[in-house]
Amino acid sequence: LGEYTLTAYCPCARCCGKDDGITATGTLAAEGRTIAVDPRVIPYGSHVLLIFPDGTQHTYIAEDCGGGISGNRIDVFFSDHETARVFGVQSAMAYLTKEDAT
C-alpha cells in the first residue's frame with residue numbers, strides 16, 4: 001500500500017464524538033486490533049501490516065473510519081485517551097497481509 005501517516009484515537013467523545021466504542025463496521029473497537037481507514041483505499045475487514053521505521057511490526061484489522069481519515073492516513077485505536085495522545089503522529093509502511101490477497 002505504501003507509506004501512511006498514522007494518528008491515534010480512543011473511544012472518548014473528544015476523539016470520536018461519541019463514547020460507545022462501536023466502529024463503522026459494528027464491532028467493538030479493541031486496542032491492538034482496530035484501525036480506522038479510508039474504505040475507498042483499504043476495504044473494511046482487511047488485515048493491514050504496519051512496519052514502523054524502527055522495524056516494529058503489527059497487524060491490525062480495518063474496522064473503522066473517521067471524518068478526517070482519507071487517502072494514505074490510518075488512525076490506530078487505543079483504549080485510553082492519554083495513550084492515544086502520546087502516540088501522536090507517526091509514519092509506517094502499510095501492507096495488506098496474504099489473507100486479503102484472494
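**Close-up views of a predicted protein chain**

Thr23 is a buried residue, because its relative accessible area is 6%, and it is shown here, like every residue in these legends, as it stands in a predicted model.

**View 1. Thr23 lies in the loop between helix H1 and strand E2.**
Helix H1 covers residues 13–16 and strand E2 covers residues 34–36, and the place of Thr23 is in the loop between them. When the neighbours within four places in sequence are left aside, Thr23 is in contact with Ala29 and Thr34, and also with Glu63 and Asp64. Pro11 is 12 residues from Thr23 in sequence, and the C-alpha atoms of these two residues are 9.5 Å apart in space.

**View 2. The whole protein chain is built from two helices and six strands.**
Following the sequence from its start, the reader meets these elements in the pattern β-α-β-β-β-β-α-β. The radius of gyration is 12 Å, close to the 13 Å that the globule rule gives for 102 residues, so the protein chain is as compact as a globular protein of that length. Measured out along its principal axes, the C-alpha trace spans about 35 × 30 × 20 Å. Of the 102 residues in the protein chain, 36% are buried. Where contacts join residues at least 6 apart in sequence, 75% of them join residues at least 24 apart.

**View 3. Strand E1 pairs with strand E6 and with strand E5.**
Strand E1, which holds residues 2–9, runs antiparallel to strand E6, residues 90–96, and five bridges join the two. Within this pairing Leu6 stands opposite Gln90, while Thr5 stands opposite Ser91. Strand E1 is also joined by five bridges to strand E5, residues 73–77, but here the two strands run parallel. Which residue of E5 is the bridge partner of Thr5? The partner is Arg73, and Thr5 therefore has a bridge partner in E5 as well as a residue opposite it in E6.

**View 4. Ala8 is a buried residue of strand E1.**
Ala8 counts as buried because its relative accessibility is 18%, and the cut-off for that class is under 20%. Not counting residues up to four places away in sequence, Ala8 touches Asp75 and Val76, together with Phe78, Ala84, Phe87 and Gly88. Asp75 and Val76 fall within strand E5, residues 73–77. Asp20 is 12 residues from Ala8 along the chain, and the C-alpha atoms of the two are separated by 17 Å.

**View 5. Strand E3 pairs with strand E6 and with strand E4.**
Four bridges join E3 to E6, and these two strands run antiparallel. In this pairing the bridge partner of Leu49 is Tyr95 of E6. E3 and E4 also run antiparallel, with five bridges between them, and here Ile51 stands opposite Gln57 of E4. The hairpin that E3 and E4 form has five residues between the strands, and within this hairpin Gly55 takes a positive phi near 95 degrees.

**View 6. Phe52 is found in the loop between strand E3 and strand E4.**
Is Phe52 buried or exposed in this loop, which lies between E3 (47–51) and E4 (57–64)? Phe52 is buried, because its relative accessible area is 12%, and the cut-off for a buried residue is under 20%. Leaving aside the neighbours within four places in sequence, Phe52 is in contact with Leu6 and Phe87, and with Gln90, Ser91 and Ala92. Among these contacts, Leu6 and Gln90 are themselves the residues that stand opposite each other in the pairing of E1 and E6. Ala94 is 42 residues from Phe52 in sequence, and their C-alpha atoms are 9.0 Å apart in space.

**View 7. The surface and the charged side chains of the protein chain.**
The protein chain exposes about 5500 Å², and carbon and sulfur atoms supply 54% of this area. There are 7 positive and 13 negative side chains, and the centres of these two sets lie 3 Å apart.

Terms used
Residues numbered from 1 in each chain as written. Predicted model: local features only at pLDDT ≥ 70, side-chain atom pairs only at ≥ 80, totals over all residues. Heavy atoms only, no water. Rg over C-alpha atoms; globule rule 2.2 N^0.38 Å. Buried < 20%, exposed > 50% of the residue type's maximum accessible area, 1.4 Å probe, protein only. Contact = heavy atoms within 4.5 Å. Areas by Shrake-Rupley, 256 points an atom, 1.4 Å probe, with all protein chains shown as cover. Lys, Arg positive; Asp, Glu negative; His and termini not counted. Charge placed at Lys NZ, Arg CZ, Asp CG, Glu CD. Pairing = 2+ DSSP bridges.
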